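Trainee: Could you take me through one part of this structure slowly, the place where the ligand is held? I would like to see how the pieces around it fit together.

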Amino acid sequence: MMLEAVLKGCSWLRENGRAATATVVLLAVGAVSVKRYVARKNRRKRWTAVGKDLVIVHGLPKGRRTPNLSPFVLTLETYLRLAKIPYQMDYEEPFGPKGQSPWITLNGKEMGDSQLIIEMLGRRFGNDFTAKLTPEQQGAARAFHMMVTEHLAWGFRMWRWVENRGQSMLQEMPRIPLFVQLLMPLKRRKIFKSTYIQGIGRHSPEEIHSIIERDLAAISLYLGYKAFLMGSDPCEVDCALFGSLAQIMWNYPGSPYETMVKVKYPNLKEYVLRVKERLWPDWDQCLRSPK
Ligand SMILES: N[C@@H](CCC(=O)N[C@@H](CS)C(=O)NCC(=O)O)C(=O)O
């Protein structure tokens, strides 16, 4: 009986070769999609069940030298620590509603973009540190914040993904599946395309180093001997600056920016260490284990 059914199946496959292949492929794709859909739904159920007002930060993986390899994730985590808002990290689904990292789930609602998240949390939990500054300082804080996230970040991205070809970054990541490694050239191409459209990708490496050095020099000058960028207390712009400079200090080995931060403008290095000491007393416990 069984043998008869198998033989019948084989002869049907022989006669309907193409249709059979298409059916098998469709069924396989369908099964994978359903599995992914269910896993996604279950993750969301879990994130909604964590309790009221606990922020789940979804981000790229931890590094061995910094608690996160993304400047934007590190910025958000630093802000949550500054504002003393309880949070939990998730590394299962790093890219969220805007296709970028970080994003958050808060009381079952999803939101993307570190800057918008920080502003929303500031309003919701009454933790807007910049609002306590003088109007002149508020203007300067906004200008520096944008310099860090919309200008410096592009220069740093160029080194990480184009000059260094993502090598230092990849070494810091947990074991990457082979298919992701094979997709890396495409990822680099996509990033290079975005830097070309933004404009920075049209300059030579030397030009970019000099443009970015002028930003770092300006920040170093403005910081001077102050403890934090806007004075004796940290605020939102410090979180963004720390998120970026910490990457340079620990994840950009051999880059011209590492020398700038550590040697040429040493108050930047001292500043990074100061923020780390103040807001990341558990830094070492937040790193990925060397194994
Ligand atoms: N404006 C965003 C920028 C976030 C961002 O660029 N994240 C990077 C990781 S460091 C990313 O997700 N890149 C993937 C992509 O843009 O496709 C924010 O502040 O959150």
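Mentor: Happy to! Let's start with one contact: an oxygen atom of the ligand lies 2.6 Å from an N or O atom in the side chain of Ser 114. Keep in mind as we go that this is a predicted model. Taken alone, the ligand would expose 510 Å², and the protein buries 79% of that area.

Now look at two more contacts. The side chain of Asp 113 has an N or O atom 2.9 Å from a nitrogen atom of the ligand. At Ser 101 the partner belongs to the backbone: one of its polar backbone atoms is 2.8 Å from an oxygen atom of the ligand.

Let's step back to the whole shell. The ligand has 14 residues around it, and the closest are Gln 100, Ser 101, Asp 113, Ser 114 and Lys 190. By type, the shell is made up of 4 nonpolar, 6 polar and 4 charged residues. Two helices each supply at least two of the shell residues: helix H4, which runs over 114–125, and helix H7, which covers 178–198. And where does the ligand sit? You will find the ligand in the largest pocket.

Stay with Ser 101 for a moment, because the backbone has a special feature here: a cis peptide bond joins Ser 101 to Pro 102, with omega at about 10°. Pro 102 itself belongs to the loop between strand E2 (87–90) and strand E3 (103–106).

Follow the chain back past strand E2 and you can visit another backbone detail. Lys 84 lies in the loop between helix H3 (71–82) and E2. Its phi is near 55°, a positive value in a residue other than glycine.

To finish, here is a side trip to the aromatic rings. The structure holds 10 aromatic pairs. One of them is Phe 156 with Tyr 252: the ring centres are 6.1 Å apart and the planes meet at 70°, so this pair is edge-to-face. Phe 156 lies in helix H5 (residues 135–163), while Tyr 252 is in the loop between helix H9 (236–251) and helix H10 (256–264), so the pair ties together parts 96 residues apart in sequence.

Terms used: Residues are numbered from 1 along each chain as its sequence is written. This is a predicted model: local features need pLDDT of at least 70, side-chain atom pairs count only at pLDDT 80 or more; totals for chains, interfaces and linings use all residues. Side-chain values use heavy atoms; hydrogens and water are left out. A residue is near a molecule or strand if one of its heavy atoms lies within 4 Å of it. A polar contact is a pair of N or O atoms within 3.5 Å; within protein, one must be able to donate a hydrogen and the other to accept it, and residues adjacent in sequence count only if both atoms are side-chain atoms. Accessible areas come from the Shrake-Rupley method with a 1.4 Å probe; for residues, only the protein chains shown count as cover. On a 1 Å grid over the protein atoms alone, a cavity is a set of points where a 1.4 Å probe fits but cannot get out, and a pocket is an open set with protein on both sides within 12 Å along at least five of seven lines; lining residues have an atom within 4 Å of a point. A molecule sits in a cavity or pocket if more than half of its atoms lie within 2 Å of its grid points. Helices (H or I, at least four residues) and strands (E, at least two) are DSSP runs, numbered from the N terminus. Ala, Val, Leu, Ile, Met, Phe, Trp, Tyr, Cys and Pro count as nonpolar, Asp, Glu, Lys and Arg as charged, and the others, Gly among them, as polar. Rings of Phe, Tyr and Trp (its six-membered ring) pair if their centres lie within 6.5 Å; planes under 30 degrees apart count as stacked, over 60 as edge-to-face and the rest as tilted.
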